[in-house]
Amino acid sequence: MTVETQQLPFDKQYVSQFSEKRNEPKWMTDLRVNALEQADALPMPKPDKTKIDKWNFSRFKHEAQGQTISSLEELPQKIQSFLDIEKKDQNLVIQRNHTVAYSSLSQDLKDKGVVFTDIFTALSEHSELVQKYYMTDGVMVDENRLTALHAALMNGGVFVYVPKNVVIEEPIQSIFWQEDDEAALYNHILVVAEEGSSVTYVENYISDNEAEETVANIVTEVIAKGNAKVSFGAVDNFAKGTTTYVNRRGVAERDAQIQWALGQMNDGNTVSENVTYLMGDGAHANAKTVTVGRGEQKQNFTAKIVHYGKDTDGYILQHGVMKESASSIFNGIGKIENGASKSNAEQESRVLMLSDKARGDANPILLIEEDDVTAGHAASVGRVDPVQLYYLMSRGIPQHEAERLVIHGFLAPVVNQLPIEAVKNQLRDVIERKVY
Amino acid sequence: MAGSTLEIKDLHVEIEGKQILKGVNLTINGGEFHAVMGPNGTGKSTLASAIMGHPKYEITGGSIHLDGKDVLEMEVDERAQAGLFLAMQYPSEISGVTNSDFLRSSINSRREEGDEINLMKFIKEMDGNMDELEMDKNMAQRYLNEGFSGGEKKRNEILQLMMLKPEIAILDEIDSGLDIDALKVVSKGINKMRDEAFGCLIITHYQRLLDYITPDKVHVMMQGRVVKSGGPELAKRLEEEGYDWIKQELGIEDETVGQEA
């Protein structure tokens with residue numbers, strides 16, 4: 001179904017049929033229908049200093065099937081390159097358009113009660129568990145029109161559940177491959193780590209739509225219970241035709257840790273929000289994001305950590321490289337609520353400009369309502385330092401290569417944190433492609 | 001004469017419109033160690049930076065040739081590829097680039113494509129040189145100069161010198177900020193480079209470095225020029241008597257740049 005105006009023609013009937021076709025539990029059908037009813041009345045999100053009213057959020061195809069595969073060798077090389085395909089016991093979900101093409105979880109993790117499956121299977125097999133956390137503590141349905149539309153039209157995603165005290169050593173991985181150039185992705189990632197558990201999750205978004213327009217409206221919710229540890233890595237690489245609204249939200253309870261390493265490498269217009277709520281005492285969040293903007297691309301990134309618990313620690317790092325006529329806004333927000341004493345909010349935003357036409361703004365914001373805290377921020381927008389280039393070149397390294405080293409070094413904080421070698425290399429390749 | 005020859009003639013250099021060097025003449029042949037001495041503010045470091053091509057320095061007159069090739073026509077990387085090296089007084093910190101990757105890129109930039117240095121050979125050589133310089137092995141995997149102490153940065157410059165094996169090296173105040181033990185270690189590394197082909201220009205305002213590295217020739221800079229040259233005995237006399245006798249001899253009141261006799 002393709003639509004032509006900002007007014008979406010998805011009605012209550014369409015949404016409930018979509019839900020019923022998938023045998024979703026009634027709570028989900030209701031949630032979708034309610035969300036749709038609210039959507040029109042809700043305002044669009046208002047990212048600071050970026051006008052999104054002309055962006056395409058309405059022209060897309062809502063349903064597209066993809067072929068399943070029986071072995072990873074059937075995947076094209078460009079998808080294989082994200083994987084360690086030799087590896088036995090893959091913990092891997094590959095979503096091709098809106099079809100689960102491949103899904104695998106090691107027997108060991110199944111035996112321990114770990115759930116790692118596509119969101120629709122989770123809705124039928126773990127309905128109560130999903131219901132408990134689905135848009136209840138992280139992102140709310142009625143935050144704005146796009147979160148409501150996400151809830152109404154959700155058409156993909158995964159569910160990760162790690163039982164109490166289960167520590168998963170190997171990373172688990174999702175690949176969301178939009179093979180159909182017009183297919184929209186309303187993807188929902190829900191990660192729940194019970195008390196004392198630990199998990200590393202990595203995801204990749206890939207599409208090739210240069211001319212065809214579509215939409216990605218993604219909600220990710222990470223719930224880290226007491227003392228749990230979640231490390232979340234992502235490489236977003238939607239092509240130029242995709243307009244992206246992505247919300248990645250974390251909720252950390254007492255002594256829990258959430259670490260984000262986000263390579264935001266979309267080629268289309270993007271609004272990205274990454275927010276972590278430090279609810280419990282001693283909770284910790286580390287949010288690192290890197291991006292490269294090129295062409296006429298407009299992007300708006302918000303990284304925000306909100307401190308509610310005492311003695312909580314939040315660290316934000318945003319590094320961006322802007323070339324050609326790309327323009328990006330980086331908002332870093334550290335918010336310490338009243339009562340969150342002994343907390344620490346640190347942030348660093350740096351933008352490297354590679355052309356005169358590029359634009360980059362770094363806006364560090366600290367909102368502090370408690371006296372007994374520490375906080376700091378550093379922000380800079382500038383060019384590659386000529387003295388650094390001189391130093392590298394004085395050892396014989398040509399200027400082009402010297403610039404390359406400085407740029408890769410600048411984006412290294414996220415690259416190095418990605419736990420899967422293949423994904424790390426992919427991000428390096430994407431950076432290489434986008435910068436040169 | 002083995003090795004290369006660096007020939008500096010009547011070099012004039014400005015920084016931000018201010019004339020610093022006012023006609024420097026100096027020739028360094030392969031196999032020779034030269035020391036350029038002089039009090040602070042006389043143009044010594046400017047000479048080093050100008051030879052390597054620092055972006056802030058503008059050459060307003062004179063010439064620099066390496067084996068007859070015009071150095072001033074070369075980009076900074078081409079100067080290095082031609083065989084020049086500068087151990088810097090204040091090396092840049094570059095985040096995200098490991099010391100080891102940087103060194104390997106540097107070495108490979110002087111080799112043909114397809115003839116890159118063998119990784120095992122590289123590691124072995126680097127380990128050996130780091131032992132020589134009493135450097136912690138984890139410094140190879142640390143980001144280039146990031147968070148290095150003053151002494152670590154100096155050792156790292158000499159490590160690069162030993163790995164890159166240039167024809168002519170310029171060492172800019174390599175002794176500043178080093179304690180006596182570190183100075184001995186660094187000197188040992190530099191002395192190891194000495195052979196009939198390697199030429200070296202050591203810039204310092206302390207004589208003490210020359211207790212460990214014996215120069216063949218000593219030059220004194222004042223007011224942006226070389227005002228006196230001699231053998232190692234000149235350094236000894238400077239240590240004993242300071243610079244005042246030279247100033248008297250030449251009728252110089254203030255030796256710093258910008259003050260004319």
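Colleague: What makes V160(A), V191(A) and A224(A) stand out among the 198 residues of the largest nonpolar core?

Modeller: Those three touch the most other members of that core. A nonpolar core here is a set of buried Ala, Val, Leu, Ile, Met, Phe, Trp, Tyr and Cys residues joined through C-beta atoms within 7 Å. Buried means that 20 or more other C-beta atoms lie within 10 Å of a residue's own, with exposed at 12 or fewer and partly exposed in between; C-beta atoms are placed from the backbone. Please keep in mind that this is a predicted model: local features need pLDDT of at least 70, side-chain atom pairs count only at pLDDT 80 or more, and totals for chains, interfaces and linings use all residues. Residues are numbered from 1 along each chain as its sequence is written, and chains are lettered from A and ligands numbered from 1 in the order in which they are written.

Colleague: Which residues are in contact with V191(A), leaving aside its neighbours within four places in sequence?

Modeller: They are V160(A), Y201(A), V222(A), I223(A) and V230(A). Contact means C-beta atoms, placed from the backbone, within 7 Å.

Colleague: Why is this core said to lie between domain 1 (12-279) and domain 2 (384-436) of chain A?

Modeller: Both domains give residues to the core, so it lies between them. Their bounds come from an automatic or database domain assignment.

Colleague: How many residues make up the contact between the two domains?

Modeller: 17 residues of domain 1 of chain A are in contact with 11 of domain 2 of chain A. On the domain 1 side, strand 9 of chain A gives the most, with four residues; strands (E, at least two residues) and helices (H or I, at least four) are DSSP runs, numbered from the N terminus.
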